[in-house]
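Let's take a look at how this protein is put together on the inside, and at the hollows on its outside. Have the sequence and the 3D view ready.

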Amino acid sequence: IGATFFGVDNYRSGWDGGVELGKWIKANWQGRIDKLIVLEHTSGGTLPAMRLTGQVEGLQSVIGDIAEADTIRLDDASVSHDTEKVLLLQLESLPGARKLAVISISDNTAEAIVNAARKSGRTDHIATAAQGAGTRLVRSELRKAHSVIVAATLFRPEKYGRPLIELAQKILRGEQAPPAVYIKHVVVDRNNIGDYYPDN
């Protein structure tokens, strides 16, 4: 109680990723999808929920409202141990779907989406935006001309140190600290990922 939150603005990072996913869908799928698959994380509480909500709302701000009947929600109770396996089973149940947008909570989830797409032979049918861009696999996918991961919000935790120390010093001096200090995330894709990670 009374502590200052330091970290990602989950709703805004989700929104920005959702907008980029929507732009890709608009450019490549004429702004239409067959189904939206949301890989939820309800056991994680409010912060993951804000990130997921932001993504869905950001996506809809570009391509329009998505009917609940066209939305599939897979809760972490079923996917936490093996997201890839659960998603593969879901894909098997949608043999006719050719335009599937998948909402991802993290890099690990994004990697599972990529693996499921490859194993099912449906890399052309699935699009997602990663959250974090903190793994080599995600960054490698972002560099490709055609990838399941079309964009990502980049958090760069290796840059957290200086602002975190500055915040701690401010608190130790007895100065008023804001209730939340958000890191500055950026949206990356194949056009600018090299500006932040030229080698990996």
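Below we go through the nonpolar cores and then the pockets.

## The main core

Keep in mind that this is a predicted model. In soluble globular proteins, nonpolar side chains tend to be buried together. Here, the largest nonpolar core has 28 residues, and the ones touching the most other members are Ile-37, Ile-126 and Leu-142. Several helices and strands chip in with at least two residues each, including β2 (35-39), α4 (83-92), β5 (126-132) and α6 (136-143). The top contributor is α5, which gives 5 residues.

What does Ile-126 touch, once you skip its neighbours within four places in sequence? Its contacts are Trp-29, Leu-91, Leu-100, Val-102, Ile-113, Ala-117 and Val-148.

## A separate core

Apart from the largest core there's another one, made of 18 residues. Leu-21, Ile-105, Ala-127 and Ala-129 are among its members.

## The largest pocket

The largest pocket comes in at about 430 Å³. It has 22 lining residues, and closest to its centre you'll find Trp-24, Ala-145, His-146, Ser-147 and Val-150. Which helix gives the most to this lining? That's α1, with 4 residues. The lining is a mix: 9 nonpolar, 5 polar and 8 charged residues.

## The second largest pocket

The second largest pocket has a volume of about 180 Å³. Its lining has 13 residues, with Phe-155, Arg-156, Lys-159, Ile-183 and Lys-184 nearest the centre. This lining has 10 nonpolar residues, 3 charged ones and no polar ones.

Key: Residues numbered from 1 in each chain as written. Predicted model: local features only at pLDDT ≥ 70, side-chain atom pairs only at ≥ 80, totals over all residues. Heavy atoms only, no water. Core = buried A, V, L, I, M, F, W, Y, C linked by side-chain atoms within 4.5 Å. Buried < 20%, exposed > 50% of the residue type's maximum accessible area, 1.4 Å probe, protein only. Contact = heavy atoms within 4.5 Å. 1 Å grid on protein atoms, 1.4 Å probe; cavity = no way out; pocket = protein on both sides within 12 Å on 5 of 7 lines; lining within 4 Å. Points joined across faces, edges and corners; volume = space filled by probe spheres on them. Nonpolar A, V, L, I, M, F, W, Y, C, P; charged D, E, K, R; others polar.
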